[in-house]
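Reader: Got a minute to walk me through this one? Helices first, please.

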Amino acid sequence: MDSLPDKLPFFEVEGLHQSLEGQEVLRGVSFSAAQGKTTVILGGSGAGKSVLLRHLNGLMKPIAGTVKVMGRDIGPLSERDLRPIRRSIGVLFQDGALFDSMDVSENIAFPLREGGERDESAIAARVEETLSLVGLHGHERKRPDALSGGMRKRVSLARAIAARPDCLLYDEPTAGLDPLLSENITRLIARLKDEMRLTSVMVTHNLGAMRFVADHVIFLNHGRVLYAGEPEGLEDSTDEAIRNFLDADALGRE
Amino acid sequence: MMNWSRGFLAQLGRFGLLSKEVLASLLHSGIRWRAVSSQIVAIGIGSQLVVIVTGAFTGAVFAAQAYFKFKELGLGSATGPVVSIAMCRELGPVLAALMVAGRMGSAMAAEIGTMRVTQQVDALRSFGVDPVDYLVVPKFLAILVSMPVLVAEAIWLGMIAAEFLTVEMFGVPRPWFDAQLVAHTRVDDVATGLIKGTIFGVIIVIVSCARGIHAKDGAVGVGQATTRAVVDSSLAILVVNFFLSLLLNYWLPTSSIDL
């Protein structure tokens, strides 16, 4: 994934269906995410947002429909064939998913080592640079269980960008954080977007975060796309489920 | 009953699938030697105390019971060979494996299960790392190295304890005990124990790691996976031991005791 042809969407999802434990979670989801842009997948709890995100790097296989990454259908690919594609896509997991057995610097160095980097001084320099970027310089030797929720997210973000991926997936980056930390993480994501010009897909139910970073919005409800377009257009939508979501958010902020 | 059978077959299928993935990984992926060595430390060195204590006290108690009964029949000298064959062929490998299943099987299931429910396994996959290569294969290789050594130690300590008890406490002459022990312990007996121990080690890793990989429902699920890993691997060891005993006794028969 060294050279990315222009114009081709980074992700193209077509007619995606998924069921979990007999319950239909995604019902024919279609959308595309443009290169270099931030696409936000918005929706309430249980809408299928995180399940949809897990299809974008092949962590889940669709039961019907296709997921294309830079024009390549990843559905039929084996785990082995998916490896280079996955290495080009960083993921910020909802709870960080930091490796408990490693300290902060080892966590961040992990994708570099797995990507084939053997020069320890280059790894150390990249770890330091990435930690500075997320504002955690000096925390290299801490274990994940000694970090606060916000710090864990930032370390996880540092780990996701350490190997300089072409794309970042964010799964509820502000979930479980207080408003101040939530704003910090959102600003950090916006900064990364500007500095690294990455393609990003963010799953969230946080409208504030969406307004701050989104170039394109998809609203998901009960496994169906109710809206896909500019963030501003979402606010003008007359769809009942979208209006309820927006009104509930406004009520929550009063 | 139908549900239980279906669940049992599904579980066997998971064990088979994981075994296949481990073999595929050994054939096609590089081995993480650093992880293998740290697992050898955890499994092999970390299990020393439990295996030594188990081997020694099993040998001692078996020698005592055998001597009490054999003495009544005037066969006190048979104690050494009987303890030796029992320790080599059955007690050494089975008890060492049960101890390792309790100690390491639970640890393996808990480690992988926790990683699974906290999305660390997904994180591995998202970095292009196969969880089987990274988490299971090093344990598999480490137990292949560790189990024969642990079984040999259990057998050796069992025989030392049996000799100490029989000679020092029951007054059987040491040269006689040693002569009978050496005369009736064959390489086949020791080989049987080591082969069994290695197979039991494979069972422990496959059963425990499969339980961990399929853990779900948070901390409760990890607890259940850990319990099932120990129960399943212990039961599998006992059942497989029966069939292995029949098979190995045909292939590597035990010597007859001529007193």
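**Helices, contacts and a sheet**

Author: Sure. This is a predicted model. In chain B, the axes of helix H4 (residues 79-117) and helix H8 (residues 187-213) come within 8 Å and cross at roughly 20°.

Reader: So how do H4(B) and H8(B) run relative to each other, roughly parallel or roughly antiparallel?

Author: Angles under 35 degrees count as roughly parallel, so H4(B) and H8(B) are roughly parallel to each other. The crossing of H4(B) past H8(B) is right-handed.

Reader: What residues make up the contact of H4(B) with H8(B)?

Author: That contact has 18 nonpolar, eight polar and six charged residues.

Reader: Switching topic. How many residues of chain A are in contact with chain B?

Author: 15 residues of chain A, against eleven of chain B. On the chain A side, helix H2 (79-87) and helix H3 (104-114) each supply at least two residues. The largest share, five residues, comes from H2(A).

Reader: And by class, what is on that side of chain A?

Author: Eight nonpolar, one polar and six charged residues.

Reader: Now the sheet. What is the strand order in chain A?

Author: S6-S7-S8-S3-S9-S10, an open sheet of six strands with mixed pairing. S6 (89-92) and S10 (224-229) of chain A are the edge strands.

Reader: How do S3 and S9 of chain A run, parallel or antiparallel?

Author: Parallel, with four bridges joining S3 (residues 38-42) to S9 (residues 216-221) in chain A. A:Ile41 stands opposite A:Ile218 in S9(A).

Reader: Which strands does helix H5 of chain A lie across?

Author: H5 (residues 149-162) lies across S6 and S7 of chain A, at about 175° to S6(A).

Conventions: Residues numbered from 1 in each chain as written. Chains lettered and ligands numbered in written order. Predicted model: local features only at pLDDT ≥ 70, side-chain atom pairs only at ≥ 80, totals over all residues. Axes fitted to C-alpha atoms, helices over the stretch in contact; angles between N-to-C directions. Parallel < 35°, antiparallel > 145°, perpendicular 65-115°, else oblique. Left-handed = near helix turned anticlockwise from the far one by under 90°. Nonpolar A, V, L, I, M, F, W, Y, C, P; charged D, E, K, R; others polar. Contact = placed C-beta atoms within 7 Å. Pairing = 2+ DSSP bridges.
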